[in-house]
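Visitor: Could you take me closely through the metal site of this protein, and then through what surrounds it? I would like a connected account rather than a list.

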Amino acid sequence: MTPQIRPVDHLVTAHRQSEGGGFIVRRPLPVAGLEMVDPFLLIDELGPIDYAPGQAVGAPDHPHRGFETVSYILEGETEHADSSGHRGSLGAGDVQWMTAGAGIVHAEMPSRRMQERGGRMHGFQIWVNLPARLKMTEPRYQDVPAAQIPQATTADGKAHVRVVAGEALGVRAAIATHTPIIFQDWELQPDGDATVAVPRDHNAVVFVFEGNLLVGEPGQVVREGQMAILGAGDAVRLRSGPDGHGRALLLAGQPHNEPMTRYGPFVMNTQQEIVQAFRDYQTGRMGAIAAKRD
Ligand code: CO
């Protein structure tokens with residue numbers, strides 16, 4: 001049976017902007033009129049930005065509850081520390097899939113080396129919602145170095161994928177997700193053509209962050225900075241666009257179809273649960289980051 005290729009339903013355009021502590025981000029989600037693509041809450045492309053020595057900025061201690069944060073680093077190096085004593089660093093190609101669940105306080109900062117010497121930072125942070133039954137789950141980390149992220153290439157060598165979550169071109173992700181999620185970094189060269197199965201019950205988007213791609217059939221051009229919201233079908237087809245080269249994140253997931261209330265770093269089902277999250281954070285029930293002893 002030939003798969004039904006998902007068409008592009010509509011496009012949203014993300015513009016580079018400066019956030020909070022001076023982050024340069026491109027944010028295709030949320031945008032005006034599009035609060036979420038269930039279960040995805042936020043898609044931030046950080047940079048690329050070239051920091052001079054002493055200028056790199058990060059996100060000091062802050063809490064999260066009720067969802068997952070996925071950090072995918074393309075260039076540069078970050079360090080993280082949290083209230084459960086977890087510490088580590090992420091470099092190019094590494095992925096951290098953090099389930100905040102019931103609550104965690106963490107800091108996400110450029111590495112000391114990047115703070116001192118400067119350098120280029122480029123990556124993604126994606127927020128994935130948790131269903132009501134998992135919002136108060138135990139926090140969990142999956143830190144996966146680049147070498148352990150499965151990759152695959154089409155037989156003609158013109159389409160390449162890094163499979164952070166889900167399955168593509170016969171390879172399956174190393175990361176486990178609480179609910180079915182597809183998270184893939186696709187890179188196409190001229191005449192590249194790839195089709196990947198995406199279950200019919202998933203919502204799916206393609207965010208192009210380099211060059212452009214032809215998405216769907218007969219195919220719509222999606223340019224750098226644009227995100228295509230895909231329509232119904234059971235597969236996604238990506239082909240090289242007019243520029244020849246294109247790179248995009250393919251994100252898809254089974255929607256929770258539940259009420260969603262977000263306030264800053266907390267994403268719950270009800271307003272009352274948000275109030276409780278603030279109370280728990282303020283009374284220290286999400287913990288604090290212990291001082292580094294070295
Ligand atoms: Co955070």
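Guide: In this predicted model, the cobalt ion has as its protein donors His62, His64 and His106, each through NE2, and Glu108 through OE, at distances of 2.1 to 2.3 Å. The angles among these four donor atoms run from 82 to 177°, and the site is irregular; a tetrahedral site would need all angles to lie between 85 and 135 degrees. Along the sequence, the donor residues follow the spacing H-x1-H-x41-H-x1-E. Two of these donors, His64 in strand 5 (residues 59-64) and His106 in strand 10 (residues 104-110), are 42 residues apart and link distant parts of the chain, and both His64 and His106 are buried.

One of the donors also leads to the largest pocket, since Glu108 is among the residues that lie nearest the centre of that pocket, together with Phe23, Leu46, Ala59 and Gln125. The largest pocket has a volume of about 590 Å³, and its lining is made up of 30 residues, which divide into 17 nonpolar, nine polar and four charged. Strand 5 and strand 10 each supply at least two residues of this lining, as do strand 3 (23-29), strand 4 (40-51), strand 6 (67-75), strand 7 (78-82) and strand 11 (119-129); strand 4 gives the most, with six residues.

Some of these strands also take part in aromatic contacts, of which a search of the whole structure finds eight pairs. In one of them, Tyr72 and Phe183 meet edge-to-face, with 6.1 Å from centre to centre and 85° between the planes. This pair links distant parts of the chain, with Tyr72 in strand 6 and Phe183 in strand 17 (residues 181-188), 111 residues apart. Tyr72 is buried because its relative accessible area is 2%, and Phe183 is buried likewise, with a relative accessible area of 0%.

A second edge-to-face pair is formed by Phe124 and Phe209, with 5.0 Å from centre to centre and 75° between the planes. Here too distant parts of the chain are linked, Phe124 belonging to strand 11 and Phe209 to strand 19 (residues 203-215), 85 residues apart. Phe124 counts as buried at 1% relative accessibility, and Phe209 counts as buried at 2%. Elsewhere in the sequence, Tyr263, Phe266, Phe278 and Tyr281 form one aromatic cluster.

Note on methods. Residues numbered from 1 in each chain as written. Predicted model: local features only at pLDDT ≥ 70, side-chain atom pairs only at ≥ 80, totals over all residues. Heavy atoms only, no water. Donors = N, O, S within 2.8 Å, 3.2 Å for Na, K, Ca; no water. Tetrahedral: all angles 85-135°; square planar, octahedral: opposite > 155°, others 65-115°. Helix = DSSP H or I, 4+ residues; strand = E, 2+ residues; numbered from the N terminus. Buried < 20%, exposed > 50% of the residue type's maximum accessible area, 1.4 Å probe, protein only. 1 Å grid on protein atoms, 1.4 Å probe; cavity = no way out; pocket = protein on both sides within 12 Å on 5 of 7 lines; lining within 4 Å. Points joined across faces, edges and corners; volume = space filled by probe spheres on them. Nonpolar A, V, L, I, M, F, W, Y, C, P; charged D, E, K, R; others polar. Phe/Tyr/Trp six-rings, centres within 6.5 Å; stacked < 30°, edge-to-face > 60°.
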